[in-house]
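Subject: Model handover

Hello,

Here is the model I promised. Please open it alongside this note.

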Amino acid sequence: MPHRAWGTALTPDPARRPHPGEQGRWIETDALAREAVRLGQSALGAGHDVTRGALLASAWLKVKSGNAHADTLARAVVMALDGSTHAASARNLLVTALRKNGQYEEAERVARETLVMREEQLGPEYPHTLLLRSDLALTLYAAGRTTEALALAEENLAAGERALGPHAPCTARLRKAHETIAA
């Protein structure tokens, strides 16, 4: 049975156009994200949840685009968002940045700590929890621990299919991670 909290949002909207970052237009997307942070800070204040969300989105873009200082930026975002509703997402960003920089031990430690937070806050089969567990599996794989990574990815994909359904976008991301590890 699909996860109720995500309802129909799990079904992609065929009329939805991809945003510039999904099209590989990182510079344009980064400029838009920085403008969103600036506007949020001036209109709502730096501590407002919307502003913090924009800061997190801006940092994700830098990590995804391969920014050389992504891990430093991710650490700053984790500190800035500590205690907010975006704290676990910021820590997940740090996991991704550390893994991309080859810092596998620290990435694994942060992923495991954050996974405990996510499971307590959202439950083990919530999409954000499943995606973080998938990031942990990818980190283990990158560190050369293929057997452990594959077992975790298989278990996680099964949980995603059970909780969200086999055609959900989140499940597709879990499947892609599993295929990467299994290849």
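Below is what I found, starting with confidence and then going through some helices.

This is a predicted model, in which local features need pLDDT of at least 70 and side-chain atom pairs count only at pLDDT 80 or more, while totals for chains, interfaces and linings use all residues. Residues are numbered from 1 along each chain as its sequence is written, and side-chain values use heavy atoms, with hydrogens and water left out.

Confidence. The mean pLDDT (the predictor's confidence in each residue, from 0 to 100) is 85 for the protein. At least 70 is reached by 86% of the residues. Helix H7 (residues 146-164) has the highest mean, 97, and helix H1 (residues 26-43) the lowest, 83. Helices are DSSP runs of H or I, at least four residues, numbered from the N terminus. Residues 1-12 stay under 50. Where pLDDT is low, the predicted coordinates should not be read in detail.

H2 (residues 49-64). Its 16 residues reach 22 Å from first C-alpha to last, close to the 22 Å expected. The expected span is 1.5 Å times one less than the number of residues. Its buried residues (under 20% relative accessible area, 1.4 Å probe, protein chains only) include Ala54, Leu56 and Lys62. Gly66, just after H2, has a positive phi of about 85°.

H1 to H2. Leu39 sits in H1. Leu39 is partly exposed (between 20% and 50%), at 42%. Leu39 and Ala54 lie 9.6 Å apart, C-alpha to C-alpha, and 15 residues apart in sequence.

H4 (residues 87-100). The end C-alpha atoms are 20 Å apart, in agreement with the expected 20 Å. Of its 14 residues, 13 are buried. Gly102 follows just after H4, with a positive phi of about 80°.

Best wishes

Key
Helix = DSSP H or I, 4+ residues; strand = E, 2+ residues; numbered from the N terminus. Contact = heavy atoms within 4.5 Å.
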